[in-house]
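Dear colleague,

I am passing the structure below on to you, and after it I set out what was found in it. Please read the notes with the coordinates open beside them.

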Amino acid sequence: MTECTHQTDTDRPYHYSPAEREAILNRLLTALRSDQRIAGLLVVGSGAEDFEDIYSDIDLCAVTTSADHVRPAFQEWGVKIREMLPVFHSFESVRGANIYLWILLLENFLEIDLCFLCLEDLHARRNRWKTVFDRSGRIEDIMQSSWENRPKPNLEEIYRYRLGSIWHYISYAAVAVQRDQPWRALYEIEQIRNQTIELRGLREELETKRFRHVDQMSADFLVELEQTLVLSLRSVDLMNALRAATACFFRESQHYDKMLDLKLAERFKTKVKTYLELFEANR
């Protein structure tokens, strides 16, 4: 086991090093293995693939043998980790019945996310995991099968809803500009942009939660998105961003129409374009 060393306050860098992270990870894995209530342990996220870069944190999933063990193990390990490591701040998050998460920030700014759940609640949320140990002999099969059989999004249903509701955000943004409510307008424009990103991510099978994979989208699309940014809270800049966001949304909608063999976007696009033109002409 690699020993974890800590620097003094005077020579500590602004960020943990990969060596520090590896040492802390090894301590955690060894300690959690000693708890017989834990049937298995997974490293998830980028840590399952040797970490994305020097800034990656530690994400672990402890799988208990039964539901009765989840809450006690979660509470006890919250105490133990504070004794083991220099924890600066921590908070707990309940993710479902018998699914608990510790989010811990160490003094060297390393974040540790440690989830506790039982075998019955185990499933793969992303295709990134590494089994550290498995006393049950079931964990890898559960992860593989749950990933392979994960429910697929209904693209047409999502697209129809987003297209049908986009008028709400466009009109609210325009009216907010008219009412001299720039922050309200900014919010509505952001909603248009975010829904465009969501549709693009679904179409390209990229994760958009917290914009996780948005930077991996095509350069042309990212250039379009950049045009939707609001340069200032002046009315002219808000309206420019609104027009750009609206155009970007309908370009994405046209891709969906073609992919799903539908003819929905043009009708909405024409009506919205007319609305914005009349709106500006009467300002």
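In what follows, a residue is called buried when its relative accessible area is under 20%, exposed when it is over 50%, and partly exposed in between, with a 1.4 Å probe and protein chains only. The areas themselves come from the Shrake-Rupley method with a 1.4 Å probe, and for residues only the protein chains shown count as cover. The model is a predicted one, in which local features need pLDDT of at least 70 and side-chain atom pairs count only at pLDDT 80 or more, whereas totals for chains, interfaces and linings use all residues. Residues are numbered from 1 along each chain as its sequence is written, and side-chain values use heavy atoms, with hydrogens and water left out.

Salt bridges

The structure holds 14 salt bridges, a salt bridge being a side-chain nitrogen of Lys or Arg within 4 Å of a carboxyl oxygen of Asp or Glu. Helices (H or I, at least four residues) and strands (E, at least two) are DSSP runs, numbered from the N terminus.

One of the salt bridges joins Glu 252 to Arg 200, with the closest N and O atoms 3.1 Å apart. Because Glu 252 belongs to helix H7 (residues 235-260) and Arg 200 to helix H5 (residues 182-204), the pair ties together parts that are 52 residues apart in sequence. Glu 252 is buried at 2% relative accessibility, and Arg 200 is likewise buried, with a relative accessible area of 10%. Both residues belong to a network of salt bridges that also takes in Arg 203 and Glu 204.

Arg 37 takes part in two of the contacts I would point out. Its side chain meets that of Asp 35 in a salt bridge of 2.8 Å, N to O, and it also meets the side chain of Glu 76 in a salt bridge of 2.9 Å, N to O. The pair of Glu 76 and Arg 37 links distant parts of the chain, since Glu 76 sits in helix H2 (residues 70-84) and Arg 37 in the loop between helix H1 (18-33) and strand S1 (38-44), 39 residues apart. As for accessibility, Asp 35 is buried at 7% and Arg 37 is buried at 17%, while Glu 76 is partly exposed at 37%.

Charges without a salt bridge

Which side chain of opposite charge is nearest to Asp 113, a buried residue that has no salt bridge? That side chain is Arg 95, 6.8 Å away, where Lys and Arg count as positive and Asp and Glu as negative, His and the chain ends not being counted. Asp 113 is found in strand S5, and, residues up to four places away in sequence aside, it touches Asp 57, Ile 58, Asp 59, Leu 60, Leu 101, Trp 102 and Ile 103, contact meaning heavy atoms within 4.5 Å.

Arg 95 appears again on the surface, where it gathers with Arg 125, Lys 209 and Arg 210 in a patch of positive charge. Patches are made of residues with over 30% relative accessible area and no salt bridge, like charges being joined within 9 Å and nonpolar side chains (Val, Leu, Ile, Met, Phe, Trp, Tyr) within 5 Å; the place of a charge is taken as NZ of Lys, CZ of Arg, CG of Asp or CD of Glu. Of these residues, Arg 125 lies in the loop between strand S5 (111-118) and strand S6 (129-134), and Arg 125 is exposed, with a relative accessible area of 58%.

Backbone and loops

Two residues other than glycine have a positive phi that you may wish to look at: phi is near 75 degrees in Phe 109 and near 60 degrees in Asp 180. Phe 109 is placed in the loop between strand S4 (99-106) and S5 and is partly exposed at 46%, whereas Asp 180 is placed in the loop between helix H4 (155-178) and H5 and is exposed at 62%.

His 89, finally, is found in strand S3 (residues 87-96) and is partly exposed, with a relative accessible area of 42%. Neighbours within four places in sequence aside, His 89 is in contact with Ile 103, Leu 104 and Leu 105, and the C-alpha atoms of His 89 and Glu 111, 22 residues apart in sequence, are 9.6 Å apart in space.

With best regards
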